[in-house]
Amino acid sequence: ITVHPDPLAQLNFSNFVDCAPFVLDSSVVKAVQYPGANTTYSWSVFDMNGVLLSLFTGPNAMNHTILTDSDSVTVRLIASNSFGCKEDTVQQLFYTIEDPVANFSTLPSSGCSPLTVIFQDSSSAGVSHKWYADGVLFSTQQNPTNTFVNTSNVLDKQIVIRLEITAGTGCTDTISKSLTVYPKPFADFNL
């Protein structure tokens with residue numbers, strides 16, 4: 001008489017919550033393999049209304065992306081074997097958290113060189129800030145002031161200001177806006 005072990009469904013996952021888009025693949029969730037007990041690993045992904053979204057087969061076949069903030073899916077793993085023993089099922093909820101939203105205004109948004117600009121943050125609350133001018137970090141304050149110089153006497157200077165915010169969750173957002181610094185006039189004449 002041969003007694004075969006019952007299948008055992010068990011998940012190994014690194015995290016179940018993340019920022020959107022949250023890619024659920026074998027780097028995040030996979031089946032714990034029991035070669036003597038399991039021969040088939042069947043994955044199902046359901047939305048919160050129980051609607052089937054995806055099907056996969058194999059111990060590391062999971063591949064689904066949660067695209068939106070504050071969304072969730074249930075991942076179900078069914079382990080079975082070729083001996084006809086009773087299937088085993090396990091499931092886990094995976095969800096996304098709300099991403100922060102970056103935004104700011106400038107006062108003024110254009111002017112003559114040297115131009116002193118006050119940056120007014122209007123991003124989501126509880127975030128850290130990194131302010132860049134043409135790719136160079138110039139402040140980590142929430143509402144910094146900075147002076148920009150145009151060394152030309154004839155051409156306007158466009159400066160791209162980028163605000164990168166990071167929430168305590170590690171989720172980030174970025175927004176960019178342009179400033180215009182007009183040239184400082186140069187008076188010159190000959191007699």
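Start by selecting Phe 119 and Trp 131: both side chains are buried. This is a predicted model, so keep that in mind as you click around. Phe 119 sits in strand S12 (residues 115-121) and Trp 131 in strand S13 (residues 127-133), so this pair ties together parts that are 12 residues apart in sequence. Their ring centres are 5.2 Å apart and the planes meet at 45°, so the pair counts as tilted.

Next, stay with the aromatics. The count for the structure comes to 10 aromatic pairs. Pick Phe 16 and Tyr 95, another tilted pair, because their planes stand at 55°, with the centres 6.0 Å apart. Phe 16 is in the loop between strand S1 (11-13) and S2, while Tyr 95 belongs to strand S9 (residues 88-97), so the contact bridges parts 79 residues apart in sequence. Switch on a surface here: Phe 16 is partly exposed at a relative accessible area of 35%, and Tyr 95 is partly exposed too, at 30%. Now add Phe 13, Phe 22 and Phe 94 to the selection, and you have a cluster linked by ring pairs, with Phe 16 and Tyr 95 in it.

Which residues form the disulfide? Select Cys 19 and Cys 171, whose sulfur atoms lie 1.7 Å apart. The structure holds 1 disulfide. Cys 19 is in strand S2 (residues 17-19) and Cys 171 in the loop between strand S16 (157-167) and strand S17 (172-182), so you are looking at a link between distant parts of the chain, 152 residues apart. Look along the S-S bond: its torsion is about -100°, so the disulfide is left-handed. Buried or exposed? Cys 19 and Cys 171 are both buried. For another cysteine, go to Cys 112, which is partly exposed with a relative accessible area of 49%.

Step along from Cys 19 to the peptide bond between Ala 20 and Pro 21, which is cis, with omega at about -5°. Pro 21 is in the loop between S2 and strand S3 (22-24). Then jump to Leu 107 and Pro 108, where you'll find a cis peptide bond with omega at about -5°. Pro 108 is in the loop between strand S10 (104-107) and S11.

Now go to cartoon view for a sheet. It is an open one of 5 strands, in the order S11-S17-S16-S13-S14, with mixed pairing. Its edges are strand S11 (110-112) and strand S14 (136-139), each pairing on one side only. From one strand to the next, the twist averages 35°. Zoom in on S13 and S14, which run antiparallel over 3 bridges. To find one of these contacts, select Ala 133 and its bridge partner in S14, Val 136.

While you're there, click Asp 134 in the loop between S13 and S14. Asp 134 has a positive phi of about 50° without being a glycine, and its relative accessibility of 44% makes it partly exposed. Compare Ser 70, also a non-glycine with a positive phi, about 55°. Ser 70 lies in the loop between strand S7 (64-66) and strand S8 (72-80), and at 54% relative accessibility it counts as exposed.

Last stop: charges over rings. Select Arg 162 with Tyr 132, and you'll see the arginine over the ring face, 4.1 Å from the ring centre. Then pick Lys 177 and Phe 104, where the lysine sits over the face at 4.9 Å from the ring centre.

Note on methods
Residues are numbered from 1 along each chain as its sequence is written. This is a predicted model: local features need pLDDT of at least 70, side-chain atom pairs count only at pLDDT 80 or more; totals for chains, interfaces and linings use all residues. Side-chain values use heavy atoms; hydrogens and water are left out. A disulfide is a pair of cysteine sulfur atoms within 2.5 Å. Helices (H or I, at least four residues) and strands (E, at least two) are DSSP runs, numbered from the N terminus. Buried means under 20% relative accessible area, exposed over 50%, partly exposed in between (1.4 Å probe, protein chains only). Rings of Phe, Tyr and Trp (its six-membered ring) pair if their centres lie within 6.5 Å; planes under 30 degrees apart count as stacked, over 60 as edge-to-face and the rest as tilted. A charge sits over a ring if NZ of Lys or CZ of Arg is within 6 Å of the ring centre and within 35 degrees of the ring normal. Two strands pair if DSSP finds at least two bridges between them. Axes are lines fitted to C-alpha atoms, for helices over the stretch in contact, and angles run from 0 to 180 degrees between N-to-C directions.
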